[in-house]
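Here are some notes to read alongside the structure, set out as numbered points. Please keep the view open while going through them.

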Amino acid sequence: MDTTIQSLFATREQQTPQVLLGDLINTTKIGIEVEVENITVAAPIKGWRCIGDGSLRDNGVEYVFKGPVGGLSATRRLDSLCETLSAMPDIRFSHRTSVHVHVDVRDMTWHELIKYVTLYAMIEPYLFAVCGKERDEGIYSLSLYRGKDQVSKLSAIARLGPDALRSERYWSKYSSVNLLSVPQFGSLEFRGHEGTADRSRLINWVNHLLKLKEYATSDSNKLTDLPKVLSNHGPMFMLREILGDDLINSNISSATSVLQEVYEGVSIAEDLLYDMRFRSASESIRQTNNGFNQLEKIRDKICVD
């Protein structure tokens, strides 16, 4: 299916992208929502809208990008946000607050979108380690690798095609990756990051998501190769293969803390790869003793058949 997401869902056409990168790895447009509590007076911030949020306490609000932007324009907005919030010492980021990032997928095909989500599922344990482990078990950012229901619904979406996203029957917006935003906004929403106004953490998280999109849209990168990479070279090598040395080196403690859990993510992706008719790849990881032993051990612990 070669039709773009923009054409499939008749979303607004993309405009000319920002040329300058800033600290981001590419100029894909993004939208960011940052939740914060204990706001006495909500200061106006250039490039952001401030919206009240009833799920937060003590006058909690959500700062939201005024429309999607990319590259240097996005980093300048983050600069303004972080500078303003840093000057407000009483604000609070509790377990109720989070950061949501929308990544523009209007230029992707349906196949690339499913590839993007499957790739995310493969390394989701690592991604939660990067963005705050407490979000891993949150009810507003349901992880894929911990839930059989999430996986079966994602498999159904991959099998049924774009029409499956036109209602909430097959997906919940409270998943760590929200597909329901695709037909509505032409973006994929990632809900896994804990609340923060730390500029370096926000840039780091966005660059992870942009790197995943780059990998998913490259014809030379095949998901079917990744289980083999995991079996032959281990999870750290696979993470570097997907995200590159720069991101992994900057997040090495997060990577080393979840190496065994990465097998769980790939186990989940096996089911998705199968539904995408990549059965030969899902079987390849079982052809080495290490991969077989690890995956069978994981399947005994999690609720995936």
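1. Before the pocket is described, it helps to know how residues are classed: Ala, Val, Leu, Ile, Met, Phe, Trp, Tyr, Cys and Pro count as nonpolar, Asp, Glu, Lys and Arg as charged, and the others, Gly among them, as polar. By this scheme, the lining of the largest pocket divides into 15 nonpolar, 16 polar and 18 charged residues. Please bear in mind throughout that this is a predicted model.

2. The largest pocket has a volume of about 1200 Å³, and of the 49 residues that line this pocket, the closest to its centre are Glu-33, His-102, Ser-181, Phe-185 and Glu-189. Among the elements that give two or more residues to the lining are the strands β1 (30-36), β4 (98-104) and β6 (187-194), together with helix α6 (181-185).

3. The six strands of an open sheet follow the order β2-β3-β1-β4-β6-β5, with antiparallel pairing, and its edge strands, β2 and β5 (177-178), each pair on one side only. Between β2 and β3, which run antiparallel, there are five bridges, and the bridge partner of Cys-50 in β3 is Tyr-63.

4. Helix α2 (residues 71-86) packs on the sheet and touches β1, β2 and β3, its direction making about 155 degrees with that of β3. Helix α7 (residues 199-217) also packs on the sheet, where it touches β1, β4 and β6, and its direction makes about 35 degrees with that of β4.

5. The axes of helices α8 (residues 226-233) and α9 (residues 235-243) come within 7 Å and cross at roughly 140 degrees, and the two helices are therefore oblique to each other. Residues making this contact include Leu-226 and His-233 of α8 and Phe-237 and Glu-241 of α9; the contact residues divide into seven nonpolar, one polar and one charged.

Methods: Residues are numbered from 1 along each chain as its sequence is written. This is a predicted model: local features need pLDDT of at least 70, side-chain atom pairs count only at pLDDT 80 or more; totals for chains, interfaces and linings use all residues. Side-chain values use heavy atoms; hydrogens and water are left out. Axes are lines fitted to C-alpha atoms, for helices over the stretch in contact, and angles run from 0 to 180 degrees between N-to-C directions. Helices (H or I, at least four residues) and strands (E, at least two) are DSSP runs, numbered from the N terminus. Angles under 35 degrees count as roughly parallel, over 145 as roughly antiparallel, 65 to 115 as roughly perpendicular and the rest as oblique. Contact means heavy atoms within 4.5 Å. On a 1 Å grid over the protein atoms alone, a cavity is a set of points where a 1.4 Å probe fits but cannot get out, and a pocket is an open set with protein on both sides within 12 Å along at least five of seven lines; lining residues have an atom within 4 Å of a point. Grid points are joined across faces, edges and corners, and a volume is the space filled by probe spheres set on the points. Two strands pair if DSSP finds at least two bridges between them.
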